[in-house]
Amino acid sequence: MELLTNSYFPLLEGYSFLAHGMFMEFKQAQKDMDFAYFGGATGVVISGLIWCLAGLIAVLYSTQASMLTLFIGGMFIHPLAMLLSKVLKRPGQHDSTNPLGKLALESTVILFVGFFIAFYVSKLHLQWFYPIMLLAVGVRYLIFNTLYGAKVYWLLGAVLMLAGVVCILLNANFVIGAFVGSITEVIFSIVIFNKSISRS
């Protein structure tokens with residue numbers, strides 16, 4: 001099994017990387033993340049439901065309320081995913097020595113930057129808000145293969161990014177991107193959930 005060595009962290013040369021010490025083995029770190037959160041499926045399904053809620057808010061109320069719903073709802077994805085994982089008899093929390101936990105946290109910066117760009121651009125092209133968010137979320141999902149060792153995230157990321165591009169090119173209605181993101185994530189969450197179950 002491959003160890004996290006100096007090739008991964010050149011600035012930590014001379015330190016040992018033990019499973020129960022400072023760091024754990026890379027594959028074991030992925031397995032820890034996979035088991036704790038059903039391979040990330042709980043987060044993906046919660047995210048999909050929030051996309052759907054934001055879309056419904058746009059239909060029933062306003063585009064501004066919809067964007068605000070996505071932003072506020074997005075901040076609750078991780079805690080709700082942890083709760084759902086625990087309800088489904090998984091830890092809902094990774095090992096404190098797992099170095100991939102920081103990568104998961106750091107990658108959320110992509111979403112904040114994406115939201116800022118999407119919100120600003122929406123003042124010029126309202127219909128582009130959700131397509132840009134699809135692009136940002138899709139980029140972040142590419143990183144999840146490293147987190148969970150599941151290449152299905154490459155496909156999920158690619159589908160979301162392609163959907164974002166298509167929505168922009170077709171100048172799709174404001175809510176289309178929200179529902180496309182919702183349906184895509186809910187479907188993929190089922191696939192990811194089943195794969196995680198089969199690996200455990």
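## Close-ups of a predicted model

**View 1. Helix 1 is the top contributor to the lining of the second largest pocket, giving five residues.** This is a predicted model, and this view takes us into a pocket with about 180 Å³ of space. Ten residues make up its lining, and Gln30, Lys31, Asp34, Tyr148 and Arg199 are the ones nearest the centre. Two elements each put in two or more residues: helix 1 (26-36) and helix 9 (176-199). As for the kinds of residue here, the lining splits into two nonpolar, four polar and four charged.

**View 2. Now for the largest pocket, which holds about 820 Å³ of space.** Look to the centre of this one and you'll find Gly74, Ile77, Thr108, Leu111 and Arg140, the closest of the 32 lining residues. Plenty of helices chip in: at least two lining residues come from each of helix 2 (41-60), helix 3, helix 4 (77-87), helix 5 (100-106), helix 6 and helix 7 (129-148). What classes do the residues of this lining divide into? The tally is 21 nonpolar, nine polar and just two charged.

**View 3. Phe71 and Phe112 make one of the 14 aromatic pairs in the structure.** Their ring centres are 6.4 Å apart and their planes meet at 75°, so we call this pair edge-to-face; the cut-off for that label is over 60 degrees. Phe71 belongs to helix 3 (residues 63-74) and Phe112 to helix 6 (residues 108-122), so the pair ties together parts that sit 41 residues apart in sequence. Are these two rings buried or exposed? Neither label fits: Phe71 has 29% relative accessibility and counts as partly exposed, and Phe112, at 46%, is partly exposed as well.

**View 4. Step back from that pair and a whole aromatic cluster comes into the frame.** Phe71 and Phe112 are joined in this one cluster by Trp51, Phe115, Phe119, Phe129, Tyr130 and Phe174. The edge-to-face contact of Phe71 with Phe112 from the previous view is worth picking out again here, as it links helix 3 with helix 6.

**View 5. Last up is a charge over a ring, with Arg90 and Phe38 as the partners.** The charged end of Arg90 sits over the ring of Phe38. How far is that charged end from the centre of the ring? The distance comes out at 4.1 Å.

Terms used
Residues are numbered from 1 along each chain as its sequence is written. This is a predicted model: local features need pLDDT of at least 70, side-chain atom pairs count only at pLDDT 80 or more; totals for chains, interfaces and linings use all residues. Side-chain values use heavy atoms; hydrogens and water are left out. Rings of Phe, Tyr and Trp (its six-membered ring) pair if their centres lie within 6.5 Å; planes under 30 degrees apart count as stacked, over 60 as edge-to-face and the rest as tilted. Helices (H or I, at least four residues) and strands (E, at least two) are DSSP runs, numbered from the N terminus. Buried means under 20% relative accessible area, exposed over 50%, partly exposed in between (1.4 Å probe, protein chains only). A charge sits over a ring if NZ of Lys or CZ of Arg is within 6 Å of the ring centre and within 35 degrees of the ring normal. On a 1 Å grid over the protein atoms alone, a cavity is a set of points where a 1.4 Å probe fits but cannot get out, and a pocket is an open set with protein on both sides within 12 Å along at least five of seven lines; lining residues have an atom within 4 Å of a point. Grid points are joined across faces, edges and corners, and a volume is the space filled by probe spheres set on the points. Ala, Val, Leu, Ile, Met, Phe, Trp, Tyr, Cys and Pro count as nonpolar, Asp, Glu, Lys and Arg as charged, and the others, Gly among them, as polar.
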